[in-house]
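Thank you for making time for this short talk. Please keep the structure open while I speak, and stop me whenever a term is unclear.

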Amino acid sequence: MKFTAEQIAGVLGGEVVGNPKAEVYKLSKIEEGSEGSISFLANPKYLPYIYTTNATITIVNTTFIPEGELKTTLIKVEDAYLSFSKLLEFYDQAKKANKTGIEQPSVLPESVKYGSNLYLGSFCYIGENVVLGENVKIYPNSFVGDNTLIGNNVTIFAGSRVYSDTVIGNNCTIHSGVVIGADGFGFAPNADGTFSKIPQIGNVIIEDDVEIGANTTIDRATMGSTIIRKGVKLDNQIQIGHNVEIGENTVIAAQTGVAGSTKIGSSGMIGGQVGIVGHLTIGNNVKIQAQSGVARNIKDDEVLQGSPTFGYNDFSKSYVHFKNLPKIVTEIEELKKEILNQKNGNNG
C-alpha cells in the first residue's frame, strides 16, 4: 500500500512542505529512515536526524523551522507525536481491511449471524447463536463460545478464548492469548477442610473502544456481569477477577491483579504489578504507582504508592528516610548511650 504526502496530510489535517506527490509504503524511526518510509520528529533530542534522515516524508510540529537543508518532505501538524499515532492506527486498520473470508478448517454453525467483511482464520471455533458485526477479524486458533455478541470493527488475534455469553462492543482489539469469561475464583470452605466450587453463572461485558493486551484474563461474574467500560486499555498479563467493574478510559499496566467485586472509577491510571484486594471502591482520576498494594477504598483524584498504599507525596518523603534507616538507627543508639553516660555522670 502506497500513500502520497498529500493523502497523508489530508488524513492528519496537516500542511505539506515539499513534494506533495512523494510516496511512502512503510513506517520508520527518524534515525532509521529510508527511501519510501515516513517518520516523525517530536522529541527535541532527535532534531539532528531531521537533516540526515533518508525518510521520504517526516511529520513535524507546525512550530518547526529548519536551520539547514532537508532531503525529506515535511508534513506540518499541531502535534507530531499524536499525528504519527493516528497514522499508525490508520495503517493498522488498512492492513486488517485486507483480511476477509473464512479459512478452512474452521467451525461456523448455521445459527451464527455475521456481517460483511468477516475474516475467520484457520482452526477457529465459533459456537451456536453467536452474532458477529461488520468487519470482525478473528485470527487462527481462536474460540468464541455460544451466545456471544461481538460488535463492529472488532479484532481478535490468534489463540484467544472468548467464553459463552460474553458481550463485546464496537472497535475493540483483543490480543493473542486473552481469555475472557473463564470462571471467577469462587469456592466455599467445608468443615472437613475441602472446598466446594460456587458456580459462576454470570458473564463478561466489554464496552466500545476497549483494547486488551496479550495473555490478559477477565473472569466471568458469579452472578450479573464483570464489566469493562468504554475506552479502557488493559496491558499484557493482567488478571481481572469476577464481578469487577472498570470505569471509562482507565488504563492499567502489565501484571496488575484486581480481585473480585472491586469497582474502579473512570480515567484512572494504574501502574504495573499493582495488587488490588476485593470488594473495594476506587474513585475517578486515581493514579496508583507501580508495585503498590491497595487494601482500602480510594477517593477521587488520589495519587498513591507503596504497599500498603499511602499518599504519593508522603511516600516520596518517607522513602528518603527508608534508605537511611540503618544510619538513623545507629545515630539513635549513639545518642541513647551518650544520654545514659551523662545521666550516670550526673548521678556520680
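Let me begin with strands E4 and E5, which run parallel and are joined by two bridges, and if you look for one residue pair there, you will find lysine 26 standing opposite serine 37 in E5. I should say at once that what we are looking at is a predicted model, so please take every value I mention as one computed from that model.

These two strands belong to an open sheet of five strands, whose order is E2-E7-E6-E5-E4 and whose pairing is mixed. At the edges of that sheet lie strand E2, residues 15-17, and strand E4, and each of these pairs on one side only. For those of you new to sheets, the general idea is that strands pair through backbone hydrogen bonds, and that they may do so in a parallel or an antiparallel way.

Strand E4 also brings us to a second topic, the empty space inside the model. How many cavities of 30 Å³ or more does the structure hold? The structure holds one, and the space in that largest cavity comes to about 90 Å³. As a general point, such empty space is found by rolling a probe the size of a water molecule over the atoms. Around the largest cavity you can pick out lining residues that include Met1, Phe3, Lys26, Ile38 and Tyr91. Strand E4, residues 26-27, and helix H2, residues 80-97, each supply at least two residues of this lining, and the largest share, three residues, comes from H2. Sorted by class, the lining has ten nonpolar residues, one charged residue and no polar ones.

Now let me turn to the loop between strand E5, residues 37-40, and strand E6, residues 57-61, where tyrosine 51 is placed. Is tyrosine 51 buried, partly exposed or exposed? Its relative accessible area is 24%, and because buried would require a value under 20% and exposed a value over 50%, tyrosine 51 counts as partly exposed. Leaving out residues up to four places away in sequence, tyrosine 51 touches Phe64, Ile65, Pro66, Glu67, Gly68, Glu69 and Leu70. Please notice also that tyrosine 51 and threonine 72 are 21 residues apart along the chain, while their C-alpha atoms are separated by 8.2 Å.

Further along the chain there is another open sheet, this time of nine strands, which follow the order E11-E14-E17-E20-E25-E28-E31-E34-E37 with parallel pairing. Its edge strands are E11, at 125-126, and E37, at 293-294, and each of them pairs on one side only. Within this sheet, strand E25, residues 217-219, pairs with strand E28, residues 239-240, in the parallel sense over two bridges, and threonine 217 is the residue that stands opposite glutamine 239 in E28.

A further set of parallel strands deserves a careful look. Strand E23, residues 203-206, is joined by four bridges to strand E26, residues 225-228, and E26 is in turn joined by two bridges to strand E29, residues 245-246. If you follow the isoleucines across, isoleucine 206 stands opposite isoleucine 228 in E26, and the bridge partner of isoleucine 228 in E29 is isoleucine 246.

Which residues touch the most other members of the largest nonpolar core? That core has 44 residues, and those touching the most other members are Ile138, Ile206, Ile212, Leu234, Ile240, Ile246 and Ile276. A second, separate core of 14 residues includes Ala9, Ile38, Ile75 and Leu87. In general, nonpolar side chains of soluble globular proteins tend to be buried together.

Finally, I would like to point out a few details of the backbone. A cis peptide bond, with omega about 0°, joins glutamine 104 and proline 105, and proline 105 is found in the loop between strands E8 and E9. Aspartate 165, although it is not a glycine, has a positive phi of about 70°; this residue sits in the loop between strands E17 and E18 and is partly exposed, at a relative accessible area of 32%. Glutamine 255, also a residue other than glycine, has a positive phi near 65°; its place is in the loop between strands E30 and E31, and with 42% relative accessibility it counts as partly exposed.

Key:
Residues are numbered from 1 along each chain as its sequence is written. This is a predicted model: local features need pLDDT of at least 70, side-chain atom pairs count only at pLDDT 80 or more; totals for chains, interfaces and linings use all residues. Side-chain values use heavy atoms; hydrogens and water are left out. Two strands pair if DSSP finds at least two bridges between them. Buried means under 20% relative accessible area, exposed over 50%, partly exposed in between (1.4 Å probe, protein chains only). On a 1 Å grid over the protein atoms alone, a cavity is a set of points where a 1.4 Å probe fits but cannot get out, and a pocket is an open set with protein on both sides within 12 Å along at least five of seven lines; lining residues have an atom within 4 Å of a point. Grid points are joined across faces, edges and corners, and a volume is the space filled by probe spheres set on the points. Ala, Val, Leu, Ile, Met, Phe, Trp, Tyr, Cys and Pro count as nonpolar, Asp, Glu, Lys and Arg as charged, and the others, Gly among them, as polar. A nonpolar core is a set of buried Ala, Val, Leu, Ile, Met, Phe, Trp, Tyr and Cys residues joined through side-chain atoms within 4.5 Å. Contact means heavy atoms within 4.5 Å.
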